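Work through these exercises with the model open beside you. Try each task before you read its solution.

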Amino acid sequence: MLIVGTMIGAGFCSGRELVSFFGSGISVLAAPLCGVCIFLVCVLFLSVGAKIGQKSLDKVNGRLLGKYHFVADVFLLCNNLIVLSAMIAGFNSLCKPVVSFPVCGTAVAAVCAVISCKGAKGMLDCNFAVVPFLIAALAAVCVVGVRSGELSASVGLFRFSVLPVGIVYVSMNMMLASTVLTTLGALTRKQIIWGSALAAAVITGLMALLITAINCTGTHSAEMPLLEVAAGGGKGLYVLLGMVTGISIFTTMLTAVGGLHGYLQSKFGGNFFTAAAVVIAGTMLSWVGFSRVVSLFYPLVGVFGLAYIVLCVRFMRREKKPFPQRGKAFSCKKRARRSA
């Protein structure tokens with residue numbers, strides 16, 4: 001649920017992200033391609049986290065890059081800030097018909113900051129509660145859009161550029177998730193494989209539905225293409241997708257805020273100060289605008305993210321430490337207490 005909730009943000013749920021990367025007439029084959037890449041990268045990041053066993057981002061990066069870990073720290077923190085600003089801008093854009101002044105996104109970011117103070121458990125609980133509804137509602141909107149459009153245009157044109165673009169797209173999305181997945185701690189190999197496979201399958205299915213709906217209705221030029229699809233299906237569908245988009249923004253924003261807040265708190269301390277700094281910085285960058293942030297910064301993050309993935313692959317190749325055994329993955333604290 002955490003992986004799915006992180007990936008399905010305003011960019012994904014609105015269709016803007018897919019159009020920015022793949023252009024108009026997106027091939028449906030992009031969905032399984034990205035699904036395979038998501039599975040592999042999730043397995044990689046969770047495996048790195050299981051072997052290192054650290055809850056701090058800078059300590060994980062220290063194992064990957066040694067004394068130069070600050071380079072990876074800065075990159076991942078900048079990525080989290082970019083995603084946070086996009087989510088704030090996206091929420092402001094979503095609420096603009098009701099609240100013209102851009103404050104709604106900042107208010108939601110503040111709520112995320114409060115939840116992130118509870119650590120990974122707070123983020124996991126929130127995603128577990130809201131992501132199933134998000135999946136079902138988004139799928140329903142896409143199905144209605146497909147039925148109301150031209151099926152002849154649904155498959156899209158296959159271009160060989162889909163391959164590298166798909167890899168960069170997954171890299172961009174997984175960079176945000178990496179700040180959490182590599183710090184979850186000890187997981188068994190079976191947990192890693194099944195968790196990654198289920199998350200990749202869900203995202204592949206949703207991505208295929210989303211691409212089909214956008215291709216059928218030809219809404220590529222809209223700032224939020226899927227909202228245009230929903231608008232054609234009636235007021236009820238439009239309101240439903242508005243709710244889904246808002247929830248998806250919240251789940252992705254929660255991961256971005258959690259990564260920034262966790263790192264800054266470990267360095268400077270003070271929950272209120274670091275939370276306020278994160279929200280203010282994200283709000284200021286959000287003034288660039290949702291479409292510009294997605295179009296300008298997201299592809300750049302994806303390209304640089306490939307280097308981080310290579311570092312993780314390099315670490316796994318040289319690291320021979322076995323995975324935790326079943327039943328022992330989450331018993332470290334209990335053993336420590338018994339030993340004491």
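**Exercise 1. Place T182 and say whether it is buried or exposed.**

Solution. Start with accessibility. T182 counts as buried because its relative accessibility is 0%; buried means under 20% relative accessible area, exposed over 50%, partly exposed in between, with a 1.4 Å probe and protein chains only. Next, find its place. T182 sits in the loop between helix 9 and helix 10. Helices (H or I, at least four residues) and strands (E, at least two) are DSSP runs, numbered from the N terminus. Then list its contacts, meaning heavy atoms within 4.5 Å. Leaving aside neighbours within four places in sequence, T182 is in contact with F45, V48, G49, Q54 and V60. Last, look at the side chain of T182: it reaches the backbone oxygen of S178 at 2.6 Å.

Two notes on reading the model. This is a predicted model, with residues numbered from 1 along each chain as its sequence is written. Local features need pLDDT of at least 70, side-chain atom pairs count only at pLDDT 80 or more, and totals for chains, interfaces and linings use all residues, while side-chain values use heavy atoms, with hydrogens and water left out.

**Exercise 2. Judge the confidence of the model: which helix is lowest and which is highest?**

Solution. Begin with the whole protein. Its mean pLDDT is 80, and 87% of its residues reach 70 or more. pLDDT is the predictor's confidence in each residue, from 0 to 100. Now go to the extremes. Helix 15 (residues 332–339) is lowest, at a mean of 50. Helix 4 (residues 30–52) is highest, at 91. Where pLDDT is low, the predicted coordinates should not be read in detail.

**Exercise 3. Describe the overall fold in numbers: how many helices and strands does the protein have?**

Solution. The secondary structure comes to 15 helices and zero strands. Check burial next. Buried residues make up 53% of the 340 residues. Then check contacts. Among those with a separation of 6 or more, residues 24 or more positions apart account for 87%.

**Exercise 4. Test the span of three helices.**

Solution. The expected span is 1.5 Å times one less than the number of residues.

- Helix 4 has 23 residues and should span 33 Å; its end C-alpha atoms are 33 Å apart, so the two agree. Helix 4 is mostly covered, with 18 of its 23 residues buried. G53 follows helix 4, with a positive phi near 70°.
- Helix 7 (residues 104–116) has 13 residues and reaches 19 Å from first C-alpha to last, close to the 18 Å expected. Its buried residues include C104, V108, C112 and I115.
- Helix 10 (residues 189–217) has 29 residues and reaches 42 Å, close to the 42 Å expected. Just after helix 10, G218 takes a positive phi of about 65°.

**Exercise 5. Find the largest cavity: which residues are closest to its centre?**

Solution. Count first. The structure holds one cavity of 30 Å³ or more. The largest cavity has a volume of about 70 Å³. Of its 13 lining residues, E17, V83, N173, T252 and Y298 are closest to the centre. Helix 9 (162–181) is among the helices that each supply at least two lining residues. Helix 9 gives the most, with three residues.

The terms are these. On a 1 Å grid over the protein atoms alone, a cavity is a set of points where a 1.4 Å probe fits but cannot get out; lining residues have an atom within 4 Å of a point. Grid points are joined across faces, edges and corners, and a volume is the space filled by probe spheres set on the points.

**Exercise 6. Follow T252: what does it touch?**

Solution. T252 lies in helix 12 (residues 235–268). T252 is buried, because its relative accessible area is 3%. Not counting residues up to four places away in sequence, T252 touches G5, T6, I8, G9, V83, M87 and L176. The side chain of T252 reaches the backbone oxygen of G5 at 3.2 Å.

**Exercise 7. Locate I135 and its partners.**

Solution. I135 is in helix 8 (residues 120–148). With a relative accessible area of 18%, I135 is buried. Leaving aside neighbours within four places in sequence, I135 is in contact with V4, V202 and L206. I135 and V244 are 109 residues apart in sequence, yet 8.6 Å apart in space, C-alpha to C-alpha.

Methods. Polar contact = N/O pair within 3.5 Å; in protein donor to acceptor, adjacent residues only side chain to side chain. 1 Å grid on protein atoms, 1.4 Å probe; cavity = no way out; pocket = protein on both sides within 12 Å on 5 of 7 lines; lining within 4 Å.
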